Amino acid sequence: MAEKNERRDPARTMTLLWRTPGEPGRGRRPGLTADAVVAAGIELADEAGLAELSMRRVAERLGVGTMSLYTYVQNKADLVAAMRDQVVGEVAVPDPAGPWRDELTGYARGLWTLMHRHPWLLGTPIAHELAGPNETVRMDAVLAIGAAAGLSEPDMLGVYLLVDAYVRGLAWISVDTQQASARSGMSEVEWWADKEALVNAYVTPARFPAMTAVAASGAFALDGFEFGLARVLDGIAAHLDSL
């Protein structure tokens with residue numbers, strides 16, 4: 001998410017993410033805060049996506065000069081990091097003392113809903129990114145669920161990554177489908193129905209019997225989230241039983 005030649009001071013990143021007091025900055029405007037800047041960024045990203053997000057547009061939304069923002073947010077990359085952590089706070093924190101399967105199910109569903117409410121989340125970077133308080137609290141809770149279930153530390157992390165990767169991967173497909181439908185004005189079912197004759201000329205039952213059988217059943221119209229989540233959790237349960 002960093003712009004070309006954009007540099008980031010990790011200390012300033014953490015100050016923003018955790019809202020710790022930073023050095024007094026010149027040019028601070030009465031009524032303008034880091035929270036207000038982050039909230040404006042979220043609004044813009046929800047409306048138009050990350051590609052249209054810029055410091056200039058955030059400043060326009062707030063009715064201030066662009067340079068005023070840099071007292072609170074050092075650059076767009078930090079703004080996006082703070083936006084991500086802010087919206088992650090919308091997901092309920094799972095309870096390590098509760099039944100592990102119920103808690104992970106609720107957490108996964110919360111992530112699924114979040115990624116559809118804020119589709120731009122799927123385009124934010126993960127590697128080499130410092131975590132804020134909301135992400136840290138939720139990761140710690142999921143790891144603690146694994147610990148309470150009797151998992152080793154590597155397996156605790158494995159469960160966290162498995163659930164996150166499953167939700168993120170399927171959400172990417174689901175969100176992409178929704179956005180394509182919005183652009184074309186056709187639902188996924190309508191789009192494929194319009195192409196049915198063309199596709200059937202190439203994808204025949206004789207050559208692709210399994211695919212055509214699944215298509216004929218109407219299964220491609222389903223999102224499959226709950227089925228896949230249950231199988232992920234079944235796998236974790238089987239692993240726990242083997243310990």
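Helices, in the sense used here, are DSSP runs of H or I at least four residues long, numbered from the N terminus. With that numbering, the largest share of the lining of the second largest pocket, five residues, comes from α8, and this helix makes a convenient thread through what is a predicted model.

The helix α8 covers residues 153–184. Its 32 residues should span 46 Å at 1.5 Å a residue, and the computed separation of its end C-alpha atoms, 47 Å, agrees with that expectation. Its buried residues include Met 156, Val 159, Tyr 160, Val 163 and Asp 164, and further along Leu 170, Ala 171, Ser 174, Val 175 and Ser 181. The cover over these buried positions includes α6, α7, α9 and α12, the last of these being residues 225–242. Just after α8, Gly 185 takes a positive phi of about 80°.

One residue of α8 can be followed in greater detail. Ser 174, which is found in this helix, has a relative accessible area of 14% and therefore counts as buried, since the cut-off for that class is under 20%. Its contacts, once residues up to four places away in sequence are set aside, are with Trp 112 and His 116. With His 116 there is also a polar contact between the two side chains, at 2.7 Å.

A second buried position lies in helix α7, where Gly 146 has its place. The relative accessible area of Gly 146 is 4%, so this glycine is buried as well. Leaving aside neighbours within four places in sequence, Gly 146 is in contact with Leu 151 and Met 156, and Met 156 is itself among the buried residues of α8. Along the chain Gly 146 and Leu 240 are 94 residues apart, while their C-alpha atoms are separated by 9.8 Å.

The helix α5, residues 76–88, has 13 residues and reaches 18 Å from its first C-alpha to its last, close to the 18 Å expected at 1.5 Å a residue. Twelve of the 13 residues are buried, so α5 is largely enclosed by the rest of the structure. The buried set includes Leu 79, Val 80, Met 83, Val 87 and Val 88, but also Lys 76, Asp 78, Arg 84 and Asp 85. These buried residues pack against α1 (10–17), α2 (34–48), α3 (55–62), α6 (100–117) and α7 (133–148).

The helices also contribute to the pockets. The largest pocket has a volume of about 900 Å³ and is lined by 24 residues, of which Glu 188, Trp 192, Ala 215, Phe 220 and Ala 221 lie nearest its centre. At least two lining residues each are supplied by α8, α9 (188–194), α10 (196–202) and α11 (209–217), with the largest share, five residues, coming from α8. Sorted by class, this lining has 15 nonpolar, six polar and three charged residues.

The second largest pocket has a volume of about 460 Å³. Of the 23 residues that line this second pocket, the closest to its centre are Arg 84, Glu 135, Tyr 160, Asp 164 and Arg 168. The elements giving two or more residues to its lining are α5, α6, α7 and α8. Its lining has 15 nonpolar, two polar and six charged residues. Arg 84 recurs here from the buried residues of α5, just as Tyr 160 and Asp 164 recur from those of α8.

Note on methods: Residues are numbered from 1 along each chain as its sequence is written. This is a predicted model: local features need pLDDT of at least 70, side-chain atom pairs count only at pLDDT 80 or more; totals for chains, interfaces and linings use all residues. Side-chain values use heavy atoms; hydrogens and water are left out. The expected span of a helix is 1.5 Å times one less than its number of residues. Buried means under 20% relative accessible area, exposed over 50%, partly exposed in between (1.4 Å probe, protein chains only). Contact means heavy atoms within 4.5 Å. On a 1 Å grid over the protein atoms alone, a cavity is a set of points where a 1.4 Å probe fits but cannot get out, and a pocket is an open set with protein on both sides within 12 Å along at least five of seven lines; lining residues have an atom within 4 Å of a point. Grid points are joined across faces, edges and corners, and a volume is the space filled by probe spheres set on the points. Ala, Val, Leu, Ile, Met, Phe, Trp, Tyr, Cys and Pro count as nonpolar, Asp, Glu, Lys and Arg as charged, and the others, Gly among them, as polar. A polar contact is a pair of N or O atoms within 3.5 Å; within protein, one must be able to donate a hydrogen and the other to accept it, and residues adjacent in sequence count only if both atoms are side-chain atoms.
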